[in-house]
Amino acid sequence: MTELNKLGLAEARDALRKGDVTSVELTEACLSAIDAAGALNAFVHKTPEIALERAKAADGRIADGDAPSMCGLPIGIKDLFCTKGVASQAASGILEGFKPEYESTVSQQLQDSGAVMLGKLNMDEFAMGSSNETSVYGNAVSPWRRGNDDTELTPGGSSGGSASAVAADLCLAATGTDTGGSIRQPAAFTGITGIKPTYGRCSRWGIVAFASSLDQAGPMTKNVRDAAIMLEAMCGHDPKDSTSAELAVPNFEAMLTGDIKGKKIGIPKEYRMEGMPGEIEKLWSDGAEMLRAAGAEIVDISLPHTKYALPAYYVIAPAEASSNLARYDGVRYGHRAQLAQGDGITEMYEKTRAEGFGHEVQRRVMVGTYVLSAGFYDAYYNRARKVRNLIKKDFEDVFAQGVDAILTPATPSAAFGLGEMTDADPVQMYLNDVFTVTVNLAGLPGISVPAGLDAQGLPLGLQLIGRPWEEGDLLNTAYALEQAAGFVAKPAKWW
């Protein structure tokens, strides 16, 4: 078998079981691909020794016949997940040198299932960003290019390193986290599949917190079947996370029948945004037609509070961030500023946080502190929480009418060039999350599936939103959409 790094999880798993390939061979193929892809800046902490050690152990488990689905499969871990003894910086200068003495629940579950960690992946600092341009490691770069243009494109954010690495076949799959679209938007930009499960389905323990009521981990993979395999390994109740749901985890892969006859798919009229590119509009209507052809019933629905979602999100998320990031003060771990003679503890906090946090994180901490302050708490934060409840109720009402899933675009455009949005008004960047934040505010599962290419040859994704806790049903609808769309495009290698 040649170019083993190009395999997906399901193909590689089956090849391992048949004895056609070993985990060590798969892992070595990925490590070589990573070493040759410095231009993408996707992997920021490589762990080849750990990878080969786990691959050897996985080969032993497979030989003994004791091998779960993920056993022996090489994956990347987003730098937001704490990994024991391995730098875990959340792409921030303030956590420089931090090597945790513990493993996040999700990465531990993947390790227990035999998955092989190749290293840590680039991301936006503290997961705050939509383009992977706020990282202390520098920008992650998409493997895709516009036609014959050499402009470096964003792989999306905040899970940009994960998206770039999976799309460029540096790993078979990767972990991501999604607070307002950080799995689904980069997946759409790079032509891969990304699912954000229901809030509480995956443990948040050991994942560096951004906004605790919105954050959720999920897999970023080469196709829907791989997403089902990896999601099952990542899910499960965790007593260490009070928001973790005590629910059995189904065999998601077994639910992929592709049969969606009689399913009701909603098309929300509020997502038809002014100025939406014609290509996105066409992709959306084509997607609806594909699902109709597969036997689903397409119905128009209304989610009336959608227009308030972005403003509500950009009050709630920074408020929670300002609270979560208060712990980074230079006292216990991470970066501490050099102090001048006579500086006291206040100066130490100020200088450390000014040096350690990048501009976007500083902006959001300031906004969050402002909306939580005594005079503005009711005017902003409490009002945003009320809007969030209304958005959640919109979805509940639609699902109560028998709708099984909702189809929307994943992003308002294809990937843009690095630097094209950073100098503009930050709100322009925030608008990238317009189709994804509602899902986080309502705690619902959402998946992005690649469905076509734009005129410049860049991937475009469609988003499906499911009922709470019904990831299996959502994955099956996504599988039907994937089969119908037949997306097989890969980036031409330039790196």
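User: In this predicted model, in which loop is R332 found, and is R332 buried or exposed?
Analyst: In the predicted model, R332 is placed outside the helices that flank it, in the loop between α9 (309-324) and α10 (345-356). Because a residue counts as exposed when its relative accessible area is over 50%, the computed value for R332 puts this residue in the exposed class, with a relative accessible area of 57%.

User: Which side chain forms a polar contact with the side chain of R332?
Analyst: One polar atom of the R332 side chain lies 3.0 Å from the backbone oxygen of R327, but that partner atom belongs to a backbone. The contact between two side chains has a distance of 3.3 Å, and the partner of R332 in it is D329.

User: How far apart are the C-alpha atoms of R332 and P68?
Analyst: Along the chain, R332 and P68 are 264 residues apart. For the extent of the whole fold, the C-alpha trace spans about 70 × 55 × 50 Å along its principal axes. Within that trace, the C-alpha atoms of R332 and P68 are separated by 39 Å.

User: Is the protein chain as compact as a globular protein of its length, and what is its radius of gyration?
Analyst: The protein chain has 15 helices and eleven strands. For 495 residues the globule rule gives 23 Å, and the computed value is close to this, so the chain is as compact as a globular protein of that length, with a radius of gyration of 21 Å.

User: What percentage of the residues in the protein chain is buried?
Analyst: The surface of the protein chain exposes about 18,500 Å², of which carbon and sulfur atoms supply 51%. Burial is counted by residue instead, with a residue taken as buried when its relative accessible area is under 20%. Of the 495 residues, the buried ones make up 61%.

User: Where is S23 placed, and which residue offers the backbone oxygen that its side chain reaches?
Analyst: S23 is in helix α2, which covers residues 23-35, and it is buried, with a relative accessible area of 0%. Leaving aside neighbours within four places in sequence, S23 is in contact with several residues, including L16, A55 and V116. Its side chain reaches, at 2.9 Å, the backbone oxygen of G72.

User: What is the relative accessibility of L26?
Analyst: L26 is also placed in helix α2. Not counting residues up to four places away in sequence, L26 touches a set of residues, among them L4, L7, L73 and L172. L26 counts as buried, and its relative accessibility is 0%.

User: Which residues does Q185 touch, not counting those up to four places away in sequence?
Analyst: Q185 is in helix α6, residues 184-190, and counts as buried at 0% relative accessibility. With residues up to four places away in sequence not counted, Q185 touches S130, G156, G157, T411 and N432.

User: What is the omega of the cis peptide bond that joins G157 and S158?
Analyst: S158 is placed in the loop between β3 (116-121) and α5 (160-167). The peptide bond that joins G157 and S158 is cis, with an omega of about 5°.

User: What is the phi of D169, which is not a glycine?
Analyst: D169 is found in the loop between α5 and β4 (173-178), where it is buried, with a relative accessible area of 4%. Although D169 is not a glycine, its phi is positive, at about 60°.

Definitions and conventions: Residues numbered from 1 in each chain as written. Predicted model: local features only at pLDDT ≥ 70, side-chain atom pairs only at ≥ 80, totals over all residues. Heavy atoms only, no water. Helix = DSSP H or I, 4+ residues; strand = E, 2+ residues; numbered from the N terminus. Rg over C-alpha atoms; globule rule 2.2 N^0.38 Å. Buried < 20%, exposed > 50% of the residue type's maximum accessible area, 1.4 Å probe, protein only. Areas by Shrake-Rupley, 256 points an atom, 1.4 Å probe, with all protein chains shown as cover. Polar contact = N/O pair within 3.5 Å; in protein donor to acceptor, adjacent residues only side chain to side chain. Contact = heavy atoms within 4.5 Å.
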